[in-house]
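Please take me through this structure as I sit with it open in a viewer, telling me what to select at each stop and what can be found there.

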There are 2 protein chains.
Amino acid sequence: MRYFLHLAYEGTQYHGWQVQPNTLTVQLELERCLTQVLRQPIHVMGSGRTDSGVHASHQVAHFDAELGEGPDEATVVYRLNRALPKDIATRLLHAVPERAHARFDAEARTYEYHVRLVPDPFSVNHSLYLDRMPDVAAMNEAAACMLGSFDFTSFSKVKGGENHYVCVCYEAGWHHTPGGLMFRIRSNRFVRGMVRLVVGTLLLVGRGKLTPAEFKAILLAQSRVDAGGAAPAQGLFLSRVEYPLGLVPEAAVPVGMPYFVTR
Amino acid sequence: MRYFLHLAYEGTQYHGWQVQPNTLTVQLELERCLTQVLRQPIHVMGSGRTDSGVHASHQVAHFDAELGEGPDEATVVYRLNRALPKDIATRLLHAVPERAHARFDAEARTYEYHVRLVPDPFSVNHSLYLDRMPDVAAMNEAAACMLGSFDFTSFSKVKGGENHYVCVCYEAGWHHTPGGLMFRIRSNRFVRGMVRLVVGTLLLVGRGKLTPAEFKAILLAQSRVDAGGAAPAQGLFLSRVEYPLGLVPEAAVPVGMPYFVTR
């Protein structure tokens with residue numbers, strides 16, 4: 001039987017999602033704990049990778065297992081949370097059709113990038129600190145250039161492995177939050193390093209170092225050369241992965257609030 | 001000239017507020033950075049101590065310094081935040097009359113204790129996790145027994161140093177939050193370890209191990225023997241220190257929101 005597991009993690013301690021030799025990753029911890037709780041070797045496939053230090057308030061992975069007469073799904077969630085380190089948590093496990101795929105069936109992914117504008121000792125690992133307010137209107141004008149279908153070579157790490165760099169971007173904009181700003185971008189897919197490079201370059205627009213028109217020219221150039229540096233990992237959250245209607249229970253992702261509530 | 005400094009800290013890395021030999025404390029870091037920024041030896045006096053691992057979203061300390069023709073107060077705040085470790089932050093510095101005292105002039109202190117009822121990887125260091133909802137009505141009935149003037153010997157660590165154990169408690173109750181519960185207690189003063197012992201004992205009421213009447217009997221017994229264990233430090237925040245009208249600018253503590261905004 002194939003299952004979808006919905007989870008969240010605080011990425012500070014991890015070298016990203018994907019298993020790599022001799023490093024601690026979220027996938028590694030998850031597979032270790034699932035194997036222990038289900039008493040069978042488990043391999044998971046995530047909806048996508050997150051980089052070292054990047055968080056997820058909603059990530060989805062699939063795996064195959066025979067639960068048989070064993071514990072029900074809610075019990076597995078309970079035991080899994082007891083087994084997992086506290087910086088990884090799961091809220092929901094549900095069966096899916098045999099051919100459902102956490103990565104290939106995902107229709108959209110959403111990332112959020114958090115900026116704090118006041119010194120806040122409680123969000124040091126969850127946001128980037130800026131000591132002055134950037135030009136939000138200019139950043140939003142630039143961000144709007146990405147809406148639609150574009151080749152994001154300019155905002156990719158170009159480490160290869162991707163077939164193409166075209167992403168269809170449904171939403172891209174900055175929002176005011178109580179302690180600062182949040183950039184949210186929703187797209188059918190993302191190329192490697194894309195959100196942090198986009199945010200790093202938008203922040204140059206916010207500081208007046210680039211105009212929105214120059215941002216657009218960088219995007220259209222399909223060349224990595226002129227983009228800004230990557231924004232630091234600690235502000236970035238994978239915040240939602242969306243699937244076709246019916247594949248995932250409606251309760252999985254409450255609309256209008258973060259999947260995992262933070263204080 | 002005497003100054004009041006308003007600050008917040010994430011207590012996870014610190015052995016509490018007060019300077020002790022060979023340990024990292026908030027007071028130690030603050031004095032080191034103030035001495036560096038103001039270029040004169042600075043000793044600070046806090047409104048009260050916080051224990052190892054306890055946080056403060058609002059703490060106040062006073063110190064004496066000669067700023068003379070030097071930087072203005074906003075500049076000191078800016079430089080101090082650059083010098084301080086990121087888990088300590090200041091928002092406000094203002095002059096006070098020569099005899100104003102951060103500890104003796106404080107009229108009330110408020111503590112909050114945060115409980116999460118869903119596994120939340122982002123508040124691991126900022127709340128206590130409970131895997132089932134306690135009986136909030138019973139906990140609130142018990143908490144109401146503390147309102148007024150009582151001897152809190154039953155809820156003190158009894159390590160001496162206090163003249164008396166009487167506290168006048170103005171507010172004590174549990175509130176629902178998006179991810180769990182929060183206990184808030186406001187009192188003219190607190191004895192050592194009081195909030196964590198009160199919360200630990202209230203949680204026994206919440207699990208049906210004690211009745212509200214038994215909680216009241218424990219309080220009135222003025223004996224440490226029957227109280228529950230101390231709740232863990234990571235859920236506790238010193239959240240507000242109040243002074244007589246006029247001593248502190250109104251802007252220092254926005255009413256109705258936390259002093260430091262967290263995501």
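Select A:Asp51 to begin, in a model that is predicted throughout; this residue sits in the loop of chain A that runs between strand S2 (45–46) and strand S3 (55–64). The unreviewed UniProt entry places the feature "active site" at A:Asp51, and with a relative accessibility of 18% the residue counts as buried, since the limit for that class is under 20%. If you now expand the selection to the contacts of A:Asp51, setting aside neighbours within four places in sequence, you should pick up A:Gly16, A:Lys157, A:Arg192, A:Gly193 and A:Arg196.

Move next to chain B and select B:Asp51 together with B:Arg192, which form a salt bridge whose closest N and O atoms are 3.5 Å apart. This pair ties together distant parts of the chain, 141 residues apart: B:Asp51 is in the loop between strand S2 (45–46) and strand S3 (55–64) of chain B, while B:Arg192 is in the loop between strand S9 (180–187) and helix H4 (194–206). B:Arg192 is partly exposed, its relative accessible area being 28%. Returning to chain A, you can display A:Asp51, A:Lys157, A:Arg192 and A:Arg196 as one group, for salt bridges that share partners join them into one network.

Two other salt bridges in chain A, out of a count of 19 over all chains, make useful stops. Select A:Arg32 and A:Glu29, whose closest N and O atoms are 3.0 Å apart; both residues belong to helix H1 (residues 26–38) and stand three residues apart, about one turn of the helix. A:Glu29 counts as buried at 11% relative accessibility, whereas A:Arg32, at 42%, counts as partly exposed. Then select A:Arg132 and A:Asp131, a salt bridge with 4.0 Å between the closest N and O atoms. Here A:Arg132 counts as exposed at 63% relative accessibility, and A:Asp131 as partly exposed at 37%.

For a wider view, colour residues 8–105 and 142–244 of chain A, where the unreviewed UniProt entry places the feature "domain: Pseudouridine synthase I TruA alpha/beta". Over residues 8–105 the chain is 24% helix and 23% strand, and the C-alpha atoms at the two ends of that stretch are 19 Å apart. Select A:His6 as well, which lies in strand S1 (residues 2–9) of chain A and is buried, with a relative accessible area of 0%. A distance drawn from the C-alpha of A:His6 to that of A:Asp151 spans 30 Å, for two residues that are 145 apart in sequence.

Two backbone angles are worth a stop. A:Arg39, in the loop between H1 and S2 of chain A, has a positive phi of about 55° although it is not a glycine, and at 78% relative accessibility A:Arg39 counts as exposed. A:Gln222, in the loop between helix H5 (212–221) and strand S10 (236–242) of chain A, likewise has a positive phi, near 50°, in a residue other than glycine; A:Gln222 counts as partly exposed at 45% relative accessibility.

Now select the cysteines: how many disulfides does a search of the whole structure find? The search over all chains finds zero. A:Cys169 is in no disulfide, and the nearest cysteine sulfur, that of A:Cys167, is 7.9 Å away. In chain B the sulfur of B:Cys169 is 8.0 Å from the closest cysteine sulfur, in B:Cys167, which is too far for a bond. At 3% relative accessibility A:Cys169 counts as buried, and B:Cys169 counts as buried at 3% too.

Finally, show both chains together. A rotation of 180°, with 0.0 Å of shift along its axis, superposes chain A on chain B with an RMSD of 0.0 Å, and the two copies are thus related as by a two-fold rotation axis. Of the interface residues of chain A, 100% are also interface residues in chain B, so the copies meet through the same surface.

Before leaving, colour chain A by pLDDT: the average is 92, and 94% of the residues score at least 70. Over residues 254–263 of chain A, however, the pLDDT is below 50, although this stretch has 29 contacts in the model beyond near neighbours in sequence. Where pLDDT is low, the predicted coordinates should not be read in detail.

Key. Residues are numbered from 1 along each chain as its sequence is written. Chains are lettered from A and ligands numbered from 1 in the order in which they are written. This is a predicted model: local features need pLDDT of at least 70, side-chain atom pairs count only at pLDDT 80 or more; totals for chains, interfaces and linings use all residues. Side-chain values use heavy atoms; hydrogens and water are left out. Copies are superposed by least squares on the C-alpha atoms of residues with pLDDT of at least 70 in both. Contact means heavy atoms within 4.5 Å. pLDDT is the predictor's confidence in each residue, from 0 to 100. A disulfide is a pair of cysteine sulfur atoms within 2.5 Å. Buried means under 20% relative accessible area, exposed over 50%, partly exposed in between (1.4 Å probe, protein chains only). UniProt positions are given in the numbering used here, feature names are shortened, and annotations may be inferred rather than shown by experiment. Helices (H or I, at least four residues) and strands (E, at least two) are DSSP runs, numbered from the N terminus. A salt bridge is a side-chain nitrogen of Lys or Arg within 4 Å of a carboxyl oxygen of Asp or Glu.
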